[in-house]
Structure formats: C-alpha cells, structure tokens
Amino acid sequence: MKNTRAQRVLTLGLSIALAGTVAACGSSDSGTSDEGSGSTASGPAGWRPNDSRPENEIHVLVLGDAAASAEKAAADRFNKTSDVKVVIDTGATAGAEYNTTVRTQIGTPNAPDIFMSWGAAGIAPLLKAKALLPLDDFIKEDPKLKSMFVPSVFDEEVVDGKSYGIPMRGVAPEFMYYNKKVLDKAGLKPATTWDELMSQVQTLKGQNVIPIGLAGADKWPQQIWFQYVYAREIGNDQVAKGLAGDASVWESDGSKKALADIRSLIDAGAFGQNFASVSYGGDGSAALLRSGKSAYELMGSWHYATVGDAKDLGWTTFPTISGGAGQEGEIVGNLSNYYNVSADTRYPDTVRDFLKELYSPDFQKAELALGNLPPTTDAAQFVNSSKKLDASTKDHLTFVSGLVNDAPTFQLSWDQTVPASQQVASQDAAADFFNGAIDADGFIKKMVQITSSK
Amino acid sequence: MHRLRTTERAGTKRGGRPSAGRPNFVWSLPALLFFAFFSVVPLAVAIYLSFTSYQGIPLLPPEWIGLQNWDRLLTDEGLHKAIYVTVALIVLAVVTQVPISLLIGVWAAGPQRNRAVVAALYFIPLLMSTAAITVLFASLVDPNFGIPATLREIFNLPVDNVFSNLLGNSTTALGVIAFIYLWGSSPLHTLIYQAGARNIPEVLYQAAAIDGAGRVRQFVSITVPMLRNTMVTSTLIMVVGTFTSFDIILLLTRGGPSGGTSNLPYYMYDQGIAALDFGYGSAVATILIVIATATSAVMVKATGYDKMAGTQEGI
Amino acid sequence: MRQRPNYLAGAFAGLWLLIILLPIYIMVRAAFESRATYSENGPLGLPTEFTLENFRYAFDNGFGRYMLNTGIVTLGTVLIVVVLVPPLAFALVRGQSRWTRVSFQSMLFGLAIPAQVVVIPLNFLITKVGLYDTLIGVILPTAAFTIPLTTLVLSSSMREIGNELYEAMALDGAGPVRSFLRLVLPLSKGGIATIVIFAALQAWNNYLLPLTLTRSDDLRVATLGLGIFRQEYSLNIPGIMAAILLTVIPILLLYIFARRALVRGLMGVGGK
C-alpha cells in the first residue's frame, strides 16, 4: 500500500513537472522568434531591434558598487539634452551575481541595453548567442570610441576582427604594496629581485611581522602570485598560449621552476601560517598592511582605496627573477571593464551617443576622484591637472599609469582569461597549491584540464 | 499511515461521528495551487534542465543531452565530498542544537520573571538575516583582528595555535559554520521548546515530586517524553534548514579550504550558477531535493509525525 | 511546590546568554564607531566613541527607501500567507479526503526546496507573467516559499482545538465555513501570530529573490541595500553593522509587540 501511494505522489509530481517543462519551452520559443522579426531594419550591422523594450528609455546595468556614482552622474548629464533617457540600474555588487543577471535576461525585454563585462572570455557565450551588437559601425561614425583608449586594453574585446566592448572604469594592474614603516624598522628597502625578497622574509619573520599578507580565504589573491611568477619565469606570451590551451606550456621546465619558486616562498613562511583564514572582503589583509602587521602585499591598484590610509603605504613593481625568460616590465591584472551593447536595443543612436560619455573629461575626472585610472590615452594629463586629488593619490595614479604605459605585455588575470565555466576551478587550483592540497604535478594537471575545456 | 487509515475507516463505519462541518479538499486548493505555481513548476523546469546543456542564456535554448549530466554525477568526487559535508553539518547541527535548545528552552519555561526577560534576549539572533550574521562572524574569526587575536594576547598563546587558522582546515571550518548555525537558529528552537515545556501539565511534576523523583529524574521521565512531538517538529525544521543552507558558506568560506566546506547547495551554486553550467547544476539540485525529501520522509515515518496529518480521532 | 533554585542550570543559561550577546555587543558597538576606531580596537574592545556617521551614511545611500520597500514586501507576504494558509491548515487538520494527506506530504516536500534551485526558472516565469522588476513579483514567490513551513506550524497549532468543540458546532448544524470562522480562527490567534512572524522574518531576510527579480534602484530591499556596503573590493565594517542594525529594528519592534502571541502560538507547534 505504501508503494502505491508513493507512486501516485510521484505520478502527480511528474505530470506537474511535464506541464512546467512544456510551458517553459513554449515561452522560450516565442521569445526568440519575436526578436528575429526586426532584422531588416536599417541601422548598425547585426542590429535586431526588439519593440517590446521600454519606450524612450535605454537601460544601463552597472555593478552596484561605489564606482556606480560616476555612471549615474554621466547619465544625468546626458539626459539633459537627450529625448531618449538613460536609466542606470545598479545590479549586484559581486561579479558572479552580476553575470548571472545579465545572462538570464539577455534577449528578453528586461535585458539592459548596455552592460559591463570583464574581458573576452566572459562575453564568449553571449557572442555565441549572437546577443551582442558589434560596435564597428559606431566606431566608423565616431572614431574616438576606439582611438581614445589604450590599444592593449581596447583589443581585449576585439573578437574575430569585430569590436564588442568599449573600455570603462579603471585599469587595474597588480603590483607590490608595502608598509614603509615596517620596512624601515627592519632596515630594508623594497625588494627588487626574488632573491632579495626571499632573504627579507627571514628578516621580517625575526621582526614578528607577517612578511607578505595574503587574503587566502578569497582564493583569487593566491592566483596573482602564479600570474606574476609565471610572467617572470616564462613570459606573458607563453602564459597566454598556456591559457589558450597549450598543455606543453604548463608541463615545461619554466612552469615547474615557477611552481618551485612559489613553493619555496610558501615554505619559508612568507605568508604566515593562517593566510587561509584571512579574507579580502572583510578588511582582513588590507588591515594587516595598514596596521603594520604585514610588510608586503601583492594586490591590484584598487588596494590603494581599500587600505584607505596612505600614510605608510608604498608601492613598487613585482621583483625580477634572475634567469627567467620574461621581459622586463611585464605586468598582470585586470585590464578594465567594458561596456557591451545588446543586439536588440531599441535606440542604437542613443546608445552610441551615451558611449561617448566614457571618454569625456567629466567622466574621466569622476573616475579619478574614485581612485580609478581611466583606460584612456589622455588620462595621465587629467591626473596632473587635477586640483581635487591629493599628492599621494596623484603619485599612486601616476605610478599606475607609467606601469601600464611602459609594459610590453599586460596579461589579464587568469580567472578572467579561462572560459567563464572554469573561473572557479582556476582559483581553486591556486588555493589548493598554496594550502598543500595539491603539489606541482597536481597543479599542472589541473591547469591543463582547465585550459583545455571549451 | 496504514494504521491511521484503518482507524479512520472504522470511524466512518461506526457512523457515530458527524462528518458535517468538515472541510473538503477545495479548502486547500488556493494555497496548494499558489505554492505549486511558484515552486513546483520552476522545480519541474529545473529537473528538465538536468537533462540538458544550458548556460543560462535564454537565447541559447537548453540542448537535450540525455543522461550525460547524470553520468558525470556518478563519478564526481566533488559531489561525494559535498554529500559528506552536508551530512557532517546536519549531524553537527543536530547534536549541538537539540540539547542546547532543549535545556535552555525548558529552563526558560520556568515561571520566574527573570527567566522570561532572559528568554526574550535569547531570541535576538533570529531577527538578523543569515547574511548579516555571517558578515558579523566573519570579522570575529579573522585570525589577526578577530577573537583569535584577542585570545592570543590574553592567554599569551603561541602565534600558531588552535584558533589561529580556523577557516584554514576543513575540521575547524566546519566547526565554525556549525557554531554560526547554532548561534543563529537555536533561538527559534529554544522558543519552540519553551512553548512546548509550558504545555506540560504541572500536575505531572507534582505527582513525581511526591514519589520522590529528583530534578534529573523528572527531566528524563516527564519533560523529555512529553516534548517528543516538539522535538520531532523542531528537529525536522533544523535538518531541512541545514540541508538547504547556503548563504553562510558562500559568504564565509566559499566552500574552501579545498572543498572542505562545500555542501550540496553550495556545490550546486558553484557548479551550476557560478560556473554557468545550469544543466549540471540542476542535476545536483535534483539530487539535493531527492535526498532532502527522502530524509524528511524517513524522519516523518520513523517518528510517526505523519499521523498528525489526520485528525485527532485516532488518539 | 517549588524546588530550590537550580544553580547549575542558571549558570549554564547565563553562559549561553553571554555567547548570544557577545556578537550583538560587538555589532552594536561597532555601528557607533568610525572605521579607524574599529580597526584599532578590534571586535572585543570597549566603547570609546559615539558617532551616528554610519547611520547617516546608510540613509544617504537610500536606506530609507530600501526599508520602505522591505516593509511593503513583508506586508504583502504576510497578507497572502494569512489569507491562504489558515484554510489549508484547516483542511489538513479536519479534512478526511486522501487528498489532504497528499497535500500534507507535498508541504513536507516543499520544505526541502531551496530557493536557489528554482531561481532560474522562476526568473523566466515572473518575466512571462509581466511582473519582472515589480514588488508584486517579489512578494508572490516569497509568499509561496513561506507556505510549507507556516502551514505545518499552523496545522500543529490547530490540532490543539478539541474534537468536542467541533462536534458541538456540528450538532448546531454548522458547516465548514461557520466552523472555520467562528471556532477555528478565534482559537488559532496564537498560531496565526506565529505564522505572521515566520512569514515576516522570511520576507525580511530574503536576498536571492529580490536580487534576481528586480533591477531598479527604487525597488531595492534592505538586504540588497546591505550589498552597497559590501563593495566589491572593500568593506566598511562599522557601516555594515549600522545597516544590519537598521534592518533589525523594525522586526524587533514587531517581535516585542507580538511576543506573547508568538509564544502562545508556538505552544501548539509540537502538539501534545
């Protein structure tokens, strides 16, 4: 008797399930056919307007963090003279949630007309869905949409010869921050070579400070170490090949040497014993550096704002490694964010005009005030001429600008380069190597697996 | 169930009881349909998605791939680990929360005025969202600025002690998570036990006291048996809640170290939503729901809770 | 016939109180401190400063609006639950059809559905019915997910109503509607108060559904507002503590107001 009742419940469940599935399929079909209808309209190539989008509005979805204020201000300026209004929607504050929102909405009337991405890997599935508008026709009408931006940054979202993203917000290379007071007290100068760094670790341990702070609970900070040591040992060009799926790069001697370097740094106690419990988001590692409990931290340029108190804060390039195949000055980090445009936007002209705001002096100044260095060719001049910025902020922005401009290569963070589906796995591999869960061979195996998946 | 049905049938045959005044099935329809529309239908879609490859983009409709996701589940070590973590967290939750809530709840049920005031204070954590609680605790367990650092100073402990790397190994990280559950949700269970204990007729204790039963004896032979149903309800809410909990892990450890705190819901999020593989994520979700439902069904059977579904005439 | 005070139990209860209150103390203290003071003092320090700056920051970031939205969502959820759940619970407790048992089983089943499992299809569904980016669109699924637990709680409490009372009603010739209105509802006040609190808590704490079902700043709820303080790369701990505190206050008031009814309602949860 028990069985029959269970069966009945199951049957009920299944029939409901089936009804749901049918409903879902039906609606998704009608959704796609709607959008195909406008493909004959005149306008930029690839444009398929969707007339069920809101009238006389374009929606811009931005990450809901502090930097959104600059975009809101830009929309206010723009709306003064435009009939079609720009509406800024502030979405999630975390990148993963933000991406989920974009993906689940794209193609529906609720989808934003303009939204952000972090690089080519992130937009790949959207390209496959033909959801993005190529911006080349816009650039033809207004060449500054391309020429005003640093080429190495702009090129990240050029796919198969078509441009899909306009850089926005700041360039965020990664480099070494240090606490001046702590190094002074230990009688040290910022390390310029790997060997120096290794020997300073011992001195600093004697001073009872953590030589290098690391927010290990968040996993991505460990990855920065791999990015840099690999850049020094084998060079960013090789790294790029490896990330594109060339297994021989990961299995090479240079790769093994890089892993041995990192291992010896960990084993020397450079990061202390409890880095796995330190988080970045909870003011963990930044507070260590600010309060002089750690001497160094390898982090992106946003760290300046996170640390908050620049009194004792110093910054320098990542140490060189003798015998490494990398070129001098190669850097890693986050290139920029990019604005992408939905292929089914209703008002492409408004979109194009709003994108011009991204290189306007007003927008750039607003970004600088937030501590972001805009990825434009004239950003440095705004830094120098600004009256609002204090001396230390100017120094920092000038350093960042010089670092980016002098860099022969700029490798985008690994977790942003691998396919979006492998982002988490790549961070896990770095964290697992740091806490000893996998050894060098294990790491190599994982990277081969991650980079070979499509 | 079986027993219940027979009694019921017997009841109707006896015909003595008026069936007038009893609600028919229509009474339950509005709520059931409403619930079904917003949770069962989407759930069915999730099950459908588990047989597809889907990146979460409606423009790229789900592609039917049959049992591929399910094949992958069988050999997925991460999933096995996630099941282990889920079970471990439930066991930790039950063995810590049941005794503490029971003892504190029974204590708070006493008639003393000060106990009522204290009981009101116990309830405070329930007013905070899980996200808020986790953010609070995340700053408390920080090895350099949280409570571990303070303990180190007070007791002059070595730099590396048992508290210094709480989130760095899976055992202590699971302990921290279980503690946060305990802190955040035991107030509810305390309240349930408090209410349950107040329902126990005072006369039972008086009789026991006359028989010379001491406090412990009274607790074991009166309080606990009388609270049996309370315990079942509370534990059921606890088990299911722990089964489906996810916010704490997302905000505190992101499943780390090395998957050591990745329970099923988090694993689903990690593999499905974060890695944008909604097909596989849905397969994990289906497993999660099957296990959760089976567990609550077993609990319900084992404890006879389902008898409560009927009316009181069997009693 | 009271016994002597139970010192052991008292000590245990006191210790537990300390464990409960310590994090609360840290939160409240930090909410009134500047960021610099907090990082200097650490979590366990004594209060040395009193500033309302964090609260002003919260309100400057639109927290007033967010709280209002949360209030609307909470009220809407509670209304739906209060209208739909009592008839269902009544049917579960008094109904005799086997469908009522199926209903009961499905409620137990529903308890185990985590919201994140259905977020993607739900998004689809809400968009299709044209409720995307509206507060109603958040309220409906939130209420739906609250139904299983509140139904179980309320039906446990309704079971406390003695059979003889129903029989007396029936002898008077009362149909189910009259029994429900005149007997069940008045005697379930405590249980209904409990489900009001449960539903309100659920709505108040909701994060995932408003996140995925709205996009406008105007419609943001308080828990999402907390996200503003959790900026991607930095965290203002006193600011977040102040914001958490703000989200606690209204529900604290509700709790103080309804505590008596709540405890009375919970008495029924376990049955006898």
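Student: In this predicted model, how many bridges join strand β3 (residues 114–117) of chain A to β12(A)?

Tutor: A good place to start! Helices and strands are DSSP runs numbered from the N terminus (helices H or I, at least four residues; strands E, at least two), and two strands pair if DSSP finds at least two bridges between them. Strand β3(A) and β12(A) run antiparallel, and the number of bridges joining them is 4.

Student: Which residue stands opposite A:F115 in β12(A)?

Tutor: Residues are numbered from 1 along each chain as written, and chains are lettered from A and ligands numbered from 1 in the order written. The model is predicted, with local features needing pLDDT of at least 70 and side-chain atom pairs 80 or more, while totals for chains, interfaces and linings use all residues. A:F115 lies in the range of strand β3 (residues 114–117) of chain A, which is joined to β12(A). Across from A:F115 in β12(A) you will find A:N340.

Student: And which residue stands opposite A:N337 in β12(A)?

Tutor: For this one, turn to strand β6 (residues 166–168) of chain A, which pairs with β12(A) in the antiparallel sense over 3 bridges. The residue facing A:N337 is A:M168.

Student: Why is strand β12 (residues 337–341) of chain A largely enclosed by the rest of the structure?

Tutor: Count neighbours: a residue is buried with 20 or more other C-beta atoms (placed from the backbone) within 10 Å of its own, exposed with 12 or fewer, and partly exposed in between. Both faces of β12(A) are covered, with A:N337, A:Y339 and A:V341 buried on one side and A:Y338 and A:N340 buried on the other. The strand is largely enclosed because its buried residues number 5 of the 5.

Student: What percentage of the residues of chain A count as buried?

Tutor: Chain A holds 22 helices and 13 strands, β12(A) being one of its strands. Of its 454 residues, the share that counts as buried is 54%.

Student: Among contacts in chain A between residues at least 6 apart in sequence, what percentage join residues at least 24 apart?

Tutor: A contact needs two C-beta atoms, placed from the backbone, within 7 Å. With pairs at least 6 apart in chain A as the base, the portion joining residues at least 24 apart is 77%.

Student: How many strands does the secondary structure of chain C have?

Tutor: From the N terminus on, the elements of chain C run as an unbroken series of α. The tally is 13 helices, and the strand count is 0.

Student: What percentage of the residues in chain C are buried?

Tutor: The contacts of chain C give some background: of those with a separation of 6 or more, 81% involve residues 24 or more positions apart. Among the 272 residues of chain C, the buried share is 58%.

Student: Which helix gives the most to the side of chain C that touches chain B?

Tutor: This contact takes 86 residues from chain C and 85 residues from chain B. With 12 residues from the range 237–267, the top contributor on the side of chain C is helix α13.

Student: Where in chain C is confidence highest?

Tutor: The predictor's confidence in each residue, pLDDT, runs from 0 to 100. Chain C averages 79, and 88% of the residues score at least 70; the model as a whole has ipTM 0.82 and pTM 0.80. Confidence in chain C is lowest in helix α12 (residues 222–229), at a mean of 70, whereas the highest, at 91, belongs to helix α4 (residues 63–94) of chain C.
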